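Please read this briefing with the sequence and the structure side by side, and find each residue in the display as it is named.

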Amino acid sequence: MILYFTGTGNSRFAAEALADRLDDEVICANDYIKRGERGDFVSERPYVFVFPVYLDTMPEIFRKWILESSFNGAMDAYFVSTCASSATSVPNASRDVCREKKRLAFKGAAKVCMPQNYVAMFSLASEEKIAECYRKAPEQIDAIAAYIKKRQTIETRMSALPLYAVTNLVEKWYNASFTKTGKFRATDACIGCGLCERKCPVNAIELREGKPVWIKPICVHCMACINSCPSAAIEYGEGTVSKPRYICVKYKKDSAKSTKN
């Protein structure tokens, strides 16, 4: 069973590609989180958790959801992160989730390099760089799927404990101080479609008089709202003005498989 959390589709792409290779079912955690529901799952195949990297680690919102949910059946657990650069603390965080759940057996963590999507802070990569990510992703996903098929442990390098401790402290500080919604706004280009409201996993957006209003002081900065807007009407302060937006291409069966024999 493959369970994923996503903001702009990178992790959905990886999850669906893995499901294609493993002939397994795929479940979007966003739907549960948005409804405020825990999951209650039974699988005779390994659990595969797919998610983006936030501040070099697993997103707190997904980690909490896993810990609140229940898992039965086959208890092998693999963790796959999607990121534009490093995921140094992901293995530690993933192992810790298994330790807290107790019954989940940590079978390793791996990453798939995907395009940058955090437009609130970074500029998007060039079209060529994005295309390169899409070209390379299938081979990375193939390698991960091969381990899971055989239920082999993925060789995983843990971050040094001091670095992991610092990452945890920075994550708590960042989530409390910087993932604020105050800078989000909708310009006159807004068409009132409500897609941002539907996409927000934490229900921080409400459509009022046909315009989105951020009703919670803090969200998770998943960038689903700003990147999904069909009219590019959502801005975050002045730093996103004129920046291109990013939504991952949709995975199509057999369209993202490695040609390597």
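Which residues are buried in α6? In this predicted model, they are Tyr-164, Thr-167, Glu-171 and Tyr-174. The points below begin with this helix, and then turn to a pair of strands, to the open and closed spaces in the protein, and to a few single residues.

**Helix α6**

- Helix α6 covers residues 161–177, which makes 17 residues, and its span from the first C-alpha to the last is 24 Å, close to the 24 Å expected at 1.5 Å a residue.
- When one looks down the axis of α6, the buried residues fall within an arc of 90°, so they line one face of the helix.
- A general rule helps in reading such a pattern: an α-helix has 3.6 residues a turn, so residues three or four places apart point the same way.
- The buried residues of α6 pack against two other helices, α3 (60–68) and α4 (90–101).
- On the face of α6 that is turned away from the buried side, the exposed residues are Leu-161, Pro-162, Leu-169 and Lys-172.

**The strands β9 and β10**

- Strand β9 (residues 205–208) pairs with β10 in the antiparallel sense, and the pairing runs over four bridges.
- One of these links can be followed residue by residue, since Glu-206 has Val-213 in β10 as its bridge partner.
- The hairpin formed by β9 and β10 has two residues between the strands, and in this hairpin Glu-209 takes a positive phi near 55°.
- Strand β10 (residues 211–214) has two unlike faces, with Pro-212 and Trp-214 on the covered face and Lys-211 and Val-213 on the uncovered one.
- In general, the side chains of a regular strand alternate between the two faces of the sheet.

**Pocket and cavities**

- The largest pocket has a volume of about 860 Å³, and among the 38 residues that line this pocket, those closest to its centre are Val-53, Tyr-54, Leu-55, Pro-59 and Val-220.
- Several elements contribute to the lining of the largest pocket, with α2 (29–35), α3, β6 (76–83) and α6 each supplying at least two residues, while α3 gives the most, with five residues.
- A search of the whole structure finds three cavities of 30 Å³ or more, and the largest cavity has a volume of about 100 Å³.
- Of the 13 residues that line the largest cavity, Cys-200, Cys-219, Cys-222, Met-223 and Cys-225 are the closest to its centre.

**Ser-94, a buried residue**

- Ser-94 lies in helix α4, and this residue counts as buried because its relative accessibility is 0%, the cut-off for buried being under 20%.
- If residues up to four places away in sequence are not counted, Ser-94 touches Phe-51, Met-58, Phe-79, Phe-106 and Ala-109.
- Ser-94 and Asn-72 are 22 residues apart along the chain, and their C-alpha atoms are separated by 18 Å.

**Two residues with a positive phi**

- Ala-232 is placed in the loop between α8 (224–228) and β11 (234–236), and although Ala-232 is not a glycine, it has a positive phi of about 50°.
- With a relative accessible area of 38%, Ala-232 is partly exposed.
- Ser-242 is found in the segment after β11, and its phi, near 75°, is likewise a positive value in a residue other than glycine.
- Ser-242 has a relative accessible area of 71% and is therefore exposed, since exposed means over 50%.

Methods. Residues are numbered from 1 along each chain as its sequence is written. This is a predicted model: local features need pLDDT of at least 70, side-chain atom pairs count only at pLDDT 80 or more; totals for chains, interfaces and linings use all residues. Side-chain values use heavy atoms; hydrogens and water are left out. The expected span of a helix is 1.5 Å times one less than its number of residues. Buried means under 20% relative accessible area, exposed over 50%, partly exposed in between (1.4 Å probe, protein chains only). The arc is that of the directions from the helix axis to the C-beta atoms. Contact means heavy atoms within 4.5 Å. Two strands pair if DSSP finds at least two bridges between them. On a 1 Å grid over the protein atoms alone, a cavity is a set of points where a 1.4 Å probe fits but cannot get out, and a pocket is an open set with protein on both sides within 12 Å along at least five of seven lines; lining residues have an atom within 4 Å of a point. Grid points are joined across faces, edges and corners, and a volume is the space filled by probe spheres set on the points.
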